[in-house]
Amino acid sequence: MAIPARIVFYQKEHVYAMVPLVSRLPGHVIIAPKRQVRNFKDLETTEIFDLSLAIKTISAEIERFHEASSTTVYFQNFSTSDDSINHMYVHVLARLKGDLKNNDEIYGILKEYDQDFMNEYNLSIGMTSKLSDTKLENLAITANKYKDHIQKSQALNKDKLM
């Protein structure tokens, strides 16, 4: 499954972050290891380090970008070969006060994510091998905003250290 480079806004040696095809809330992003693994426990130490650093960085920046009060971090592992995606990844969602009536609703919403993603993927990419230009452009605009925000923030932090 090829991820369009335009929707990737953060990369390190072992991980990348992208704007998802199916967004659950404003500020929903996906962080995934570059190497396909089904479960967090299958990651190498260097991959865990990059993933952890990405989660820390992106959580803080997505929260700041959306002026959110917190973030939800949700690990998605796969246990059988019948699972649709077969690649562990992490949801990071900016959380705004009152975005859901009950805070724990997010887990039910994320539980359905894989099936919704596969449906969207098959409709927009899988059948035609091409994501609709409009959808891709909208995702790319969001990815560029996140990328610019993170780069500016990192530059400011670098200046503070000097």
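Tutor: A nonpolar core is a set of buried Ala, Val, Leu, Ile, Met, Phe, Trp, Tyr and Cys residues joined through side-chain atoms within 4.5 Å. Please keep in mind that this model is predicted.

Student: Which residues touch the most other members of the largest nonpolar core?

Tutor: They are F9, Y10, V29, I31, L51, I58 and V90, within a core of 35 residues. At least two residues of this core come from each of strand 1 (8-11), strand 2 (15-18), strand 3 (28-33), helix 1 (45-65), strand 5 (89-95) and helix 4 (133-161).

Student: What else is there besides that core?

Tutor: There is a second, separate core of five residues, among them L25, L100, I106 and L110.

Student: Back to V29. What is V29 in contact with, leaving aside its neighbours within four places in sequence?

Tutor: V29 is in contact with F9, M18, P20, I58, I62, V90, H91, V92 and Y146. For the chain generally, 64% of the contacts with a separation of 6 or more are between residues 24 or more positions apart.

Student: Is strand 3 mostly covered or mostly uncovered?

Tutor: Strand 3 is mostly covered, with six of its six residues buried. Cover is found on both faces: H28, I30 and A32 are buried on one side, and V29, I31 and P33 on the other.

Student: And in the chain, what percentage of residues is buried?

Tutor: Of the 162 residues, 41% are buried. The chain exposes about 9,400 Å², and carbon and sulfur atoms supply 51% of that area.

Student: Let us turn to the fold. How many helices and strands are there?

Tutor: The chain has four helices and five strands, in the pattern β-β-β-α-β-β-α-α-α along the sequence.

Student: In what order do the strands lie in the sheet?

Tutor: The five strands form an open sheet with the order 1-2-3-5-4 and antiparallel pairing. Strand 1 and strand 4 (70-76) each have a single partner strand, so each of these edge strands has one side without a neighbour in the sheet. From one strand to the next, the twist averages 20°.

Student: Over how many bridges does strand 3 pair with strand 2?

Tutor: Strand 2 and strand 3 pair in the antiparallel sense over four bridges. Here Y16 has A32 of strand 3 as its bridge partner, while A17 has I31.

Student: What about strand 3 and strand 5?

Tutor: Strand 3 and strand 5 also pair in the antiparallel sense, over four bridges. H28 has L93 of strand 5 as its bridge partner.

Student: Now helix 1. Which strands does helix 1 lie across?

Tutor: Helix 1 lies across strand 1, strand 2, strand 3, strand 4 and strand 5, and runs at about 150° to strand 4.

Student: Which residues in helix 1 are buried?

Tutor: E47, D50, L51, A54, I55, T57, I58, S59, E61 and I62 are buried in helix 1. L51 and I58 are also among the residues that touch the most other members of the largest nonpolar core.

Student: How many residues does helix 1 have, and what is its reach?

Tutor: Helix 1 has 21 residues and reaches 30 Å from its first C-alpha to its last, close to the 30 Å expected at 1.5 Å a residue.

Student: And what comes just after helix 1?

Tutor: E67 lies just after helix 1 and takes a positive phi of about 50°.

Note on methods
Residues are numbered from 1 along each chain as its sequence is written. This is a predicted model: local features need pLDDT of at least 70, side-chain atom pairs count only at pLDDT 80 or more; totals for chains, interfaces and linings use all residues. Side-chain values use heavy atoms; hydrogens and water are left out. Buried means under 20% relative accessible area, exposed over 50%, partly exposed in between (1.4 Å probe, protein chains only). Contact means heavy atoms within 4.5 Å. Accessible areas come from the Shrake-Rupley method with a 1.4 Å probe; for residues, only the protein chains shown count as cover. Two strands pair if DSSP finds at least two bridges between them. Axes are lines fitted to C-alpha atoms, for helices over the stretch in contact, and angles run from 0 to 180 degrees between N-to-C directions. The expected span of a helix is 1.5 Å times one less than its number of residues.
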